[in-house]
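Visitor: I'd like a close look at one part: the ligand and what surrounds it. Please take it slowly and follow the thread outwards from there.

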Amino acid sequence: MPKLLTKTLGFSESPTLLGNQRVTERRARGETVYHMGFGESPFPVPPRLQKALAAQVQQKKYLNTAGLAALRQSILQYYAPRYGIDPADYDVIISPGSKLLIFAVQMAYEGDLVMVVPSWVSYVPQAQLLGQKAIKVPAVLDDNGYHLDAGLLRKAIHDARVQGLNPSKIILNTPNNPAGLCIPEAELVEIAKVCAAEDIVIIADDIYAQVCFKGAHYSIAQYAPAHTVISSAVSKHLSLGGWRLGFGLVPKAMEGLFESLCQIASETWSAVASPIQYAALEAFAGHEDIENHIRDCTVIHEFMNNYMAQRLKCMGVICPVPQGAFYVYPDFAPFKEGCARLGIHTSDNLFMYLFENYNIASLPGICFGEAPERLTLRLSGCDYDGGEVLNAYRAGRALQEEFITEYAPHIKAGCDSLDRFIGTIRT
Ligand SMILES: Cc1ncc(COP(=O)(O)O)c(C=O)c1O
């Protein structure tokens, strides 16, 4: 038999989905697992969108490859003021989730990917599937954000060219998965200048833009408009990952890209499910109930993830306070020796040890491009009943420690479990 490409590349299934499957299996056996491993926002479908989808159940025709014209238009009108862009300068393409949109943009341009470490798990495997290389540039994480030094970026691009690589694109994700941190605006401006000067395509993965905790979201599209494709979806701010509805805002100045994406789409996914596209019209009409829903969910994400960050800080773990999304990214470096005594030398070891001995599901830093020996984990603060939590919050229950105890007992117990683990390795 011919060789399988995924085997040659050493792939396993995406670690996020695989981890989720393992948790499901353990829970099915009646075992307790504190599920901090999967970034799925737990809130219910807003009633308006439930109704809209039910009303569109008869839609059965293939839609245009680029997507429903009215939906593309409303997405543009909705995001233009939020991203500070002129709608006249953009085309929109609807995709089955933003994951495939990002893949299609990576496919559309020849050349290699500049990958900021740590970054989301799928960027590099996608580049590899396309026969492209990843050029790593480290970010610095702290309570002020996710920092990518523009000088370091320029040097990485130049060094890669000297080595015969062809850096042609970068993916920037802010607020960011895995750290829940934002790139500060002033730094985005400098990164944008480097990318424009070096003719690097930017994929602005702005999927968490509406899950920002403090202040506005800044898209790099504002600062490098002729080089930036914006990618987003309904998966995060509306908790609709299973709807598989993503979209790309493609600047007309990126000549030929929109046509190229439509060609790729027409040969692969054809068009996104018609009922979903019609129903999604209601998500971008600016309805007050939808906007309030997004705001309430974001307040709850902030509360849950802040709680985890504060608990981890109290244990002595390095953990920047999240600024958006629904993750924290603790670094267990202060406990390196204690971990080594238990045979934990890599983030993968740490992840397995916590899963087997402390019922904690997480994701190891190595999945996000980190060196194996960096003892980082991504924890997601989503293991609670979203409907119940949203109702309690709307009924006026204060977001205090008692709220966690009552409505998010797995998050509390997961943190207690981590605390016990730290107790065993503290010198
Ligand atoms: C940073 C980031 N980008 C993109 C995606 C893709 O999401 P979707 O394909 O549901 O739009 C995810 C999902 O977890 C993500 O965390």
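Guide: Let's settle one term up front: a polar contact is a pair of N or O atoms within 3.5 Å; within protein, one atom must be able to donate a hydrogen and the other to accept it, and residues adjacent in sequence count only if both atoms belong to side chains. What you're looking at is a predicted model, where local features need pLDDT of at least 70 and side-chain atom pairs count only at pLDDT 80 or more, while totals for chains, interfaces and linings use all residues. Residues are numbered from 1 along each chain as its sequence is written, and side-chain values use heavy atoms, with hydrogens and water left out.

Now the ligand. It is surrounded by 14 residues, and the closest are Ser98, Asp205, Tyr208, Ser235 and Arg244 (a residue counts here if one of its heavy atoms lies within 4 Å). Asp205 puts a polar side-chain atom 2.6 Å from a nitrogen atom of the ligand. On the ligand's oxygen side, a backbone N or O atom of Lys99 comes to 3.1 Å from an oxygen atom. An N or O atom in the side chain of Trp120 lies 3.5 Å from a ligand oxygen.

Several of these names come back in the second largest pocket, which holds about 520 Å³ of space. Of its 27 lining residues, Gly39, Trp120, Ser235, Lys236 and Arg244 are the closest to its centre. Pockets and cavities come from a 1 Å grid over the protein atoms alone: a pocket is an open set of points with protein on both sides within 12 Å along at least five of seven lines, a cavity is a set where a 1.4 Å probe fits but cannot get out, and lining residues have an atom within 4 Å of a point. Grid points are joined across faces, edges and corners, and the volume is the space filled by probe spheres set on them.

Helix H2 (15–28) and helix H5 (98–108) each give the pocket lining at least two residues, with H5 providing the largest share, 3 residues. Helices and strands are DSSP runs numbered from the N terminus: H or I with at least four residues for a helix, E with at least two for a strand. By type, the pocket lining divides into 10 nonpolar, 11 polar and 6 charged residues. In that scheme Ala, Val, Leu, Ile, Met, Phe, Trp, Tyr, Cys and Pro are nonpolar, Asp, Glu, Lys and Arg are charged, and the others, Gly among them, are polar.

Follow Lys236 from that lining and you get to Ser41, whose contacts beyond four places in sequence are Lys236, Ser239, His301, Phe326 and Cys382 (contact means heavy atoms within 4.5 Å). Ser41 sits in the loop between strand S1 (34–35) and helix H3 (47–55). It counts as buried, at 5% relative accessibility; the cut-offs are under 20% for buried, over 50% for exposed and partly exposed in between, with a 1.4 Å probe and protein chains only. Its side chain makes a 2.8 Å polar contact with that of Ser239.

Ser239 is a bit of an oddball: its phi is positive, about 55°, although it isn't a glycine. You'll find Ser239 in the loop between strand S9 (228–233) and strand S10 (246–251), buried at 12% relative accessible area.

His301, another partner of Ser41, belongs to helix H11 (residues 288–315) and is buried at 2%. Its contacts outside four places in sequence include Pro42, Phe43, Val211 and Tyr384.

Back to Trp120 and its stretch of chain. Pro118 lies in the loop between strand S3 (112–117) and helix H6 (123–129), and a cis peptide bond joins Val117 to Pro118, with omega about 0°. Val116, Ser119 and Tyr123 are among the residues that line the largest cavity. That cavity has a volume of about 30 Å³, and the structure holds 1 cavity of 30 Å³ or more. Strand S7 (residues 167–173) supplies the largest share of its lining, 3 residues, and the lining divides into 5 nonpolar, 3 polar and no charged residues. The loop between S7 and helix H8 (185–198) carries Pro175, where the peptide bond from Thr174 is also cis, with omega near -10°.
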